[in-house]
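Got your viewer open and a free hand for the mouse? Let's walk through this one together, one selection at a time.

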Amino acid sequence: MALQTYFADMHIHIGRDMYQKPVKITGSKSLTLTNILKECSRNKGIDLVGVIDSHAPAVQQEIRQLIGAKDAYELTDGGIRFEKVTLLLGSEIEVYDESCQGPIHVLCYFPTLETIERFSQWLTTRMKNITLSSQRYYGTAKELQYKVKELEGIFIPAHVFTPFKSMYGKGVKRSLTEVLDPDLIDGIELGLSSDTGMADQIKELHDYTFVSNSDAHSLAKIAREYQEVLMEEPSFKEFYWALHQVNGREITRNFGMNPQLGKYHTTVCKDCLHALSPEQKQCPACGSTKIIKGVADRIKELKDTKEVIERPPYLYQVPLEYLPTLGPKTFEKLLSHFQTEMNIIHHVPMSQLKTVVPEKLAQSIIHMREGKLAIKAGGGGKYGSITPIN
Ligand SMILES: [Zn+2]
Ligand SMILES: [Zn+2]
């Protein structure tokens with residue numbers, strides 16, 4: 001079989017399990033495993049999806065049910081196929097080991113239902129409640145890495161720069177080797193407030209493939225960040241190969257929000273969200289000394305190289321619904337003509353777009369495809385915005 005590109009979003013939460021019980025408490029009620037699979041296959045056009053609350057026993061039960069009803073089946077190379085999408089079974093875990101300065105989030109993925117069930121069993125001895133999302137794990141980060149590798153899983157530190165619950169945000173002072181075994185890391189998740197260029201200012205990250213994922217807490221947010229992966233087919237093994245550039249497999253492009261659109265881009269006062277310079281220790285607006293260091297300022301502190309390495313391009317995108325003049329009705333119309341969001345963003349030619357939506361909007365979609373969308377920088381705790389193109 002020939003290599004082909006596929007779209008992958010590897011960080012989706014579960015809002016509710018099949019009994020309507022919360023998994024990610026802040027997640028949306030319609031964010032169930034089955035709805036995620038349908039949304040990716042039918043509307044988003046995502047070919048490979050990582051659901052990182054798959055350690056929850058009720059989620060595993062739902063998968064067993066889908067397989068039992070012949071709506072899904074396990075692939076020989078790992079992963080579960082449902083209609084046009086392949087599901088990778090994952091788990092996001094909060095680690096707080098002795099050497100950490102604060103909690104860090106990591107992502108683990110497993111090839112089969114059987115291996116993630118074994119992982120869940122092991123987790124019950126290190127976690128108070130495995131029915132919930134991103135729970136605190138009691139043990140060292142390295143022990144967790146060894147367990148994941150014993151089960152032939154994939155290990156990726158999550159949203160590594162966000163000010164809370166991330167490796168460089170709080171977890172380590174300077175180097176990931178303070179907490180993790182660098183040889184047992186399969187990739188690095190950039191997170192919504194950083195991109196390839198920012199992350200490459202840290203030398204030790206040059207060894208790893210970058211992934212860009214949505215961290216979706218609702219169906220609508222799926223694929224606000226994602227990547228294009230060159231593989232033979234979407235499966236666990238092929239994705240693992242892509243992370244390590246084996247046999248021509250690789251990530252070919254990362255797509256994500258412009259970091260300036262992220263609300264953690266700049267340093268702000270925790271109490272009133274007033275924008276601060278990195279040197280300011282106290283907020284001139286309200287006097288508070290609680291400061292949330294922005295991702296850009298944190299990376300400046302950690303920066304230790306100017307060397308530029310070869311990477312897949314990182315293209316700035318926004319979810320389609322954020323485009324000016326694209327209301328829900330137009331969105332429906334686009335989907336009914338061109339099936340999936342990925343088709344609309346990446347494949348449908350201008351000539352066809354124009355037959356369904358006004359030329360100006362069609363032009364914005366093409367601009368987005370080329371990574372040329374005009375963006376007004378956010379700051380002071382506020383999200384940035386998209387400038388209409390005239
Ligand atoms: Zn997280
Ligand atoms: Zn998450």
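What follows is a short tour of a predicted model, going from the metal site to a strand, then to some salt bridges and two backbone oddities.

**Stop 1: the two zinc ions**

Start by selecting the zinc ion (ligand 1) and showing the side chains around it. Which residues coordinate it? You should find Glu92 through OE, His105 through ND1 and His159 through NE2, at 2.1 to 2.2 Å. Along the sequence, these donor residues are spaced E-x12-H-x53-H. Colour by secondary structure and you'll see that Glu92 sits in strand 5 (residues 85–95) while His105 sits in strand 6 (residues 104–110), so this pair ties together parts that are 13 residues apart in sequence. Turn on a surface and try to find them: Glu92 is buried at 2% relative accessibility, and His105 is buried too, with a relative accessible area of 9%.

Now add the zinc ion (ligand 2). What coordinates this ion? Here the donors are His11 (NE2), His13 (NE2), Glu92 (OE) and Asp215 (OD), at 2.1 to 2.3 Å. Their spacing along the chain reads H-x1-H-x78-E-x122-D. If you're fond of angle tools, put one to use here: the four donor atoms subtend angles of 80 to 173°, which makes the arrangement around the zinc ion (ligand 2) irregular.

Draw a distance between the zinc ion (ligand 1) and the zinc ion (ligand 2): they lie 3.5 Å apart, and Glu92 bridges them.

Keep Glu92 on screen and add His11, for another link across the sequence. The zinc ion (ligand 2) has both of these residues among its donors, in the spacing H-x1-H-x78-E-x122-D. His11 belongs to strand 1 (residues 4–12) and Glu92 to strand 5, so the pair ties together parts that are 81 residues apart in sequence. Both His11 and Glu92 are buried.

**Stop 2: strand 11**

From strand 1, step across to strand 11 (226–231). The two pair in the antiparallel sense over five bridges. For a landmark, pick Ala8, which stands opposite Gln227 in strand 11. Then look at strand 12 (250–256), which is joined to strand 11 by five bridges, again running antiparallel. The landmark here is Tyr226, standing opposite Phe255 in strand 12.

Next, show the side chains of strand 11. Which ones point which way? Tyr226, Glu228 and Leu230 go one way, Gln227, Val229 and Met231 go the other, and all are buried. With six of its six residues buried, strand 11 is largely enclosed by the rest of the structure.

**Stop 3: salt bridges**

How many salt bridges does a search of the whole structure find? The count is 18. Side chains of opposite charge can pair when their charged atoms come close. Here are a few to click on.

- Select Lys237 and Asp77: they form a salt bridge, with the closest N and O atoms 3.6 Å apart. Lys237 is in helix 7 and Asp77 in the loop between strand 3 (72–74) and strand 4 (80–82), so the pair ties together parts that are 160 residues apart in sequence. Lys237 is partly exposed, with a relative accessible area of 29%, and Asp77 is partly exposed at 26%.
- Select Glu233 and Arg81: this salt bridge also has its closest N and O atoms 3.6 Å apart. The pair links distant parts of the chain, with Glu233 in the loop between strand 11 and helix 7 and Arg81 in strand 4, 152 residues apart. Both Glu233 and Arg81 are buried.
- Select Asp297 and Lys300: their side chains meet in a salt bridge of 3.6 Å, N to O. Both lie in helix 8 (residues 295–302), three residues apart, about one turn of the helix. Asp297 counts as buried at 11% relative accessibility, whereas Lys300 counts as exposed at 58%.
- Finally, select Glu232, Glu238 and Arg249: salt bridges that share partners join them into one network.

**Stop 4: two positive phi angles**

Pull up a Ramachandran plot, if your viewer has one. Glu152 has a positive phi of about 60° although it is not a glycine. Find Glu152 in the loop between helix 4 (141–150) and strand 8 (154–157), where it is exposed with a relative accessible area of 60%.

Then jump to Gln245, also not a glycine, with a positive phi of about 50°. Gln245 is in the loop between helix 7 (236–243) and strand 12, and counts as partly exposed at 48% relative accessibility.

Conventions. Residues numbered from 1 in each chain as written. Chains lettered and ligands numbered in written order. Predicted model: local features only at pLDDT ≥ 70, side-chain atom pairs only at ≥ 80, totals over all residues. Heavy atoms only, no water. Donors = N, O, S within 2.8 Å, 3.2 Å for Na, K, Ca; no water. Helix = DSSP H or I, 4+ residues; strand = E, 2+ residues; numbered from the N terminus. Buried < 20%, exposed > 50% of the residue type's maximum accessible area, 1.4 Å probe, protein only. Tetrahedral: all angles 85-135°; square planar, octahedral: opposite > 155°, others 65-115°. Salt bridge = Lys/Arg side-chain N within 4 Å of Asp/Glu carboxyl O. Pairing = 2+ DSSP bridges.
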